[in-house]
Amino acid sequence: MGKVYLTGAGPGDIELMTLKAARVVKEADILIYDRLANPDILDMARQNCEMIYVGKQDGKHSVPQDDINEIIYQAALKYENVVRLKGGDPFVFGRGGEEAIYLYERDIKFEIIPGITSSVSVPAYAGIPVTHRGITTSFRVVTGHESPNKKISQIEWQTFLNDETIVFLMGFHNIKLITNKLISLGKAKDYPCAVISRGSTPEQKVVVSTLENITKDSKGLLTPAIIVVGEVVKLREKVKWFN
Ligand code: SAH
């Protein structure tokens, strides 16, 4: 019986992969991977390494999670080194926990290899610090996948602090609903907001705007994309470094 490495691949720039992730990819007998911001990572694997794509796009699962769990489990019965590769960090909206529990319940050994999450690193590549002394004392990473019009929301929209930076993942297709919701809760229409598309890759695009105008201004940007809401967005003027 093999071992499964639930591995974070980082946000895109291949150098933002950890040394540990790179090692297990090189040693893998099988790679089970999602849509990755940097597919070059797959070239690091051995020539005879089996590859299975179980990609999801914007939260729409091309392969249902139950099937993915089973694919990983079956791979562990067959191979020594099984690498389950995910963008960013496996536990930040990566469903890595569910996969770990599935393996635990079947007595399969696993390791978690954390990755650099896009929620912090993609803003960093856009020159946006998620916290900044004197501007914000906290930041929150929120799923943007849930429609803000949902009657009973899992998200506590009312509890966002005034100065809190809010990072929405998987929310680009809901951007109009999200920004309208924040405005309806009392945030100023001209409150700073940014969208970062394909962060840390050569295709990175950043649009800085306001809650009111960001939907229009970010139209046409490609996914994956992150929405950042907060005064810290303005720091990009001085902190911008990556083109
Ligand atoms: N586990 C991942 C997040 C998975 S959810 C992590 O820790 O980063 C997928 C969402 O992450 C996308 O919808 C998008 O909002 C964001 N994302 C991932 N990579 C990105 C990138 N290179 N640029 C912009 N957004 C990215």
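Select M44 in this predicted model, together with I14, M17, A22, V25 and K26: M44 touches each of these five, leaving aside residues up to four places away in sequence. The residue itself sits in the loop between β2 (30-33) and β3 (50-53). Is M44 buried or exposed? With a relative accessible area of 24%, M44 is partly exposed, because the buried class ends at 20%. Keep M44 selected and add G134, which is 90 residues away along the chain. A line drawn between the C-alpha atoms of M44 and G134 spans 43 Å.

**The two domains**

Next, colour residues 3-113 as domain 1 and residues 118-239 as domain 2. The centres of domain 1 and domain 2, taken over C-alpha atoms, lie 28 Å apart. Now display the residues where the domains meet: 11 residues of domain 1 are in contact with 16 residues of domain 2. About 1,000 Å² is buried between domain 1 and domain 2, and carbon and sulfur atoms contribute 62% of that area. On the side of domain 1 that touches domain 2, the residues comprise five nonpolar, three polar and three charged. How many salt bridges are there between domain 1 and domain 2? The count is zero. Polar contact between domain 1 and domain 2, by comparison, is made by two residue pairs, both at pLDDT 80 or more.

**Salt bridges**

Side chains of opposite charge can pair when their charged atoms come close. Across the whole structure, a search finds 13 salt bridges. The following selections show some of them.

Begin with R140 and E164, whose side chains meet in a salt bridge with an N to O distance of 3.0 Å. R140 belongs to strand β8 (residues 139-143), whereas E164 lies in the loop between β8 and β9 (165-169), so the pair ties together parts that are 24 residues apart in sequence. Switch on the surface to examine the two partners. R140 is partly exposed, at a relative accessible area of 23%, while E164 is buried, at 5%.

Move then to R95 and E98. The closest N and O atoms of this salt bridge are 2.8 Å apart. R95 has a relative accessible area of 30% and counts as partly exposed; E98, at 36%, is also partly exposed.

Select E231 and K234 next. Their side chains form a salt bridge at 3.3 Å, N to O. E231 is partly exposed, with a relative accessible area of 31%.

Which residues are linked in a network of salt bridges? Select D34, R84, K86 and E99 together to display that network.

**The segment after α7**

Finally, follow the chain past α7 (236-239) to N243, which lies in the segment after that helix. N243 has a relative accessibility of 79% and therefore counts as exposed, since the exposed class covers values over 50%. To place N243 within the whole, add D163 to the selection: the two are 80 residues apart in sequence. From C-alpha to C-alpha, N243 and D163 are 28 Å apart in space.

Definitions and conventions
Residues are numbered from 1 along each chain as its sequence is written. This is a predicted model: local features need pLDDT of at least 70, side-chain atom pairs count only at pLDDT 80 or more; totals for chains, interfaces and linings use all residues. Side-chain values use heavy atoms; hydrogens and water are left out. Helices (H or I, at least four residues) and strands (E, at least two) are DSSP runs, numbered from the N terminus. Buried means under 20% relative accessible area, exposed over 50%, partly exposed in between (1.4 Å probe, protein chains only). Contact means heavy atoms within 4.5 Å. A salt bridge is a side-chain nitrogen of Lys or Arg within 4 Å of a carboxyl oxygen of Asp or Glu. Domain bounds come from an automatic or database domain assignment. Buried area is the accessible area (1.4 Å probe) that two parts lose on being put together, summed over both. A polar contact is a pair of N or O atoms within 3.5 Å; within protein, one must be able to donate a hydrogen and the other to accept it, and residues adjacent in sequence count only if both atoms are side-chain atoms. Ala, Val, Leu, Ile, Met, Phe, Trp, Tyr, Cys and Pro count as nonpolar, Asp, Glu, Lys and Arg as charged, and the others, Gly among them, as polar.
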